[in-house]
Amino acid sequence: MDRTDLETRYDEADATPIEEGSAREVAPEGMNTQPDGMGCHAPGEQMEAAARAAGMSEILDQYAADYPQGPHDKPQSMCPAFGSLRVGLRMRRVGTMLSGSACCVYGLTFVSHFYGARRSVGYVPFNSETLVTGKLFEDIRDAVHKMADPEQYDAIVVTNLCVPTASGVPLRLLPSEINGVRIVGIDVPGFGVPTHAEAKDILAGAMLNYARAEIEAGPVQAPVSGKADRPTVALLGEMFPADPIGIGQLLAPLGLAAGPVVPCREWRELYAALDCGVAAAIHPFYTAAVREFEAAGRKIVGSAPVGHDGTAAWLSAIGDAYGISSNKVGEAQNAFLPAIKGALSASPITGTVTLSGYEGSELLVARLLVESGADVPYVGTACPRTPWSDPDREWLEARGVKVQYRASLEDDCAAMEAVKPDLAIGTTPVVQKGKEMGIPSLYFTNLISARPLMGPAGAGSLAQVVNAAMANKDRMDHMKAFFEGVGEGDTAGVWESDPNVRPEYRATNLKKLERAEKARMAANGGVKC
């Protein structure tokens, strides 16, 4: 049997004809085509300075305003471009193309397919010569022209990674449309975009901007699902598939409907999203998307209908934004709040929980945990503080919760080590650290955010997984005692016998480091840092 018959194919990428280029022209005499150290490994400050010198200051200034950094000045999760890449790959009839270092593109495509992309990603390679001569931009333009098939695509997203952005490759000069296919160019450098969550906003904002210009220019196509028969509320932020349905049920007594979720799944949903009367910033960091809704004259409402108090406040805010009478809002609240309160009471959580993540919904999850009965002394989010998260922050702080925006890994681990909770919810390294300490731990992205959070369906959704994890404390203690001293310090790694520690070498090396530090301080005028 031919083994190729057993291979699972998701597209026709393996049948793509390979075009062999002609021999490369010799660079003009005197041109430096050798690497200059400005690779993806260069310091962020150096790459940002190069990008500004190459005319990218306007974009970087906008990112600095939209996505303020600090206390850490660089991403501590995955490459931020994964966020925008994933948004593009999840949209129907939208092609994606990357321009960046080969190692970066490999990593991004690997992670994308790991998360089930099942779609090819375009790649425009470069070298020092094509970068310094401007040939890279021409290669990107040629690739876009070849890819722009209206039978396959409504739009193509072209993304500059760190090196092309630092070199000033001007995606803004690409045609806005080729053969009826929209071309959207964005820059997502690691030195200007703190998290992959905010990269989602960069692409969502760029697409909304394009769609808004199309609407202003004349009639546009209706969404495949048709136009809503009631005024709608657009929903900002990726969420569990059941949540938009639940939000729609909450809105129905007000005479409203849930609009599309932004980031959208197809281009025409962008038109329907902009046709809303109110946009709900469920995830509050979508700054660029909010700017487009405000430019279209839409009102913005923060927070989300989570738990009893959150649902009551959110329905009131939506009612105020739409000018709905307080009696009608009260009827909607009375229809749902008792069921939410009952679900919370039926699924209590008893114990102390620290919470951290980089999805943007951390404060919402913390509210739900607190209303379920958990003690949550700390919640950290890698995303920045915005006006649309203030209702959640104020509610949590009034109940003694420490809210840390732009939380670093060090912040999250320090809180966990200080509190020693019954359960730590966080990112992969936080969970790893927690399990090393014998603390039951859950990965936020896969085990917490992958559940309904809104309305009655979300009220009791966390109790089962949280209580089950906390019940594993004895098992964690047993494992910690069994493996005590293994894989730590001098015993890390694989040894055939006891490691030869040689403490005298360590003492000598420590003295060398101390002398080097004193010399550095002396050269720096006595300043330690």
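The side chain of threonine 165 reaches the backbone oxygen of leucine 161 at a distance of 3.0 Å. The model in which this contact is seen is a predicted one. Threonine 165 belongs to helix α7, residues 162-166, and with a relative accessible area of 1% this threonine is buried. Beyond its neighbours within four places in sequence, threonine 165 is in contact with Ala51, Met56, Asn160, Asp187, Val188, Pro189 and Phe191.

**Salt bridges**

The whole structure holds 25 salt bridges. Three of them are listed here.

| Pair | Closest N to O |
|---|---|
| Glutamate 292 and arginine 212 | 2.9 Å |
| Arginine 393 and aspartate 390 | 3.3 Å |
| Lysine 433 and glutamate 417 | 3.5 Å |

Glutamate 292 forms its salt bridge with arginine 212, and this pair links distant parts of the chain: glutamate 292 sits in helix α11 (residues 287-295) and arginine 212 in helix α8 (residues 196-217), 80 residues apart. Both glutamate 292 and arginine 212 are buried.

Arginine 393 and aspartate 390 are three residues apart in helix α15 (residues 390-397), so about one helical turn separates them. Both residues are buried. They also belong to a network of salt bridges that links Arg385, Asp390, Arg393, Glu394 and Glu397.

The salt bridge between lysine 433 and glutamate 417 ties together parts that are 16 residues apart in sequence, because lysine 433 lies in helix α17 (residues 428-436) and glutamate 417 in helix α16 (residues 409-419). Lysine 433 is partly exposed at 30% relative accessibility, and glutamate 417 is partly exposed at 32%.

**Aromatic residues**

Five aromatic pairs are found in the whole structure. In one of them, the ring centres of tyrosine 63 and tyrosine 67 are 6.0 Å apart and the planes meet at 50°, so the pair counts as tilted. Tyrosine 63 and tyrosine 67 are both buried. In another, the rings of phenylalanine 482 and phenylalanine 483 have centres 4.9 Å apart and planes at 85°; this angle is over the 60 degrees required, so the pair is edge-to-face. Phenylalanine 482 is exposed, at 61% relative accessibility, whereas phenylalanine 483 is partly exposed, at 46%.

Aromatic residues also make up a nonpolar surface patch of about 510 Å², formed by Tyr106, Phe110, Phe114 and Tyr115. Of these, phenylalanine 110 is placed in helix α4, residues 102-114.

Methods
Residues are numbered from 1 along each chain as its sequence is written. This is a predicted model: local features need pLDDT of at least 70, side-chain atom pairs count only at pLDDT 80 or more; totals for chains, interfaces and linings use all residues. Side-chain values use heavy atoms; hydrogens and water are left out. Patches are made of residues with over 30% relative accessible area and no salt bridge: like charges are joined within 9 Å, nonpolar side chains (Val, Leu, Ile, Met, Phe, Trp, Tyr) within 5 Å. Accessible areas come from the Shrake-Rupley method with a 1.4 Å probe; for residues, only the protein chains shown count as cover. A salt bridge is a side-chain nitrogen of Lys or Arg within 4 Å of a carboxyl oxygen of Asp or Glu. Helices (H or I, at least four residues) and strands (E, at least two) are DSSP runs, numbered from the N terminus. Buried means under 20% relative accessible area, exposed over 50%, partly exposed in between (1.4 Å probe, protein chains only). A polar contact is a pair of N or O atoms within 3.5 Å; within protein, one must be able to donate a hydrogen and the other to accept it, and residues adjacent in sequence count only if both atoms are side-chain atoms. Contact means heavy atoms within 4.5 Å. Rings of Phe, Tyr and Trp (its six-membered ring) pair if their centres lie within 6.5 Å; planes under 30 degrees apart count as stacked, over 60 as edge-to-face and the rest as tilted.
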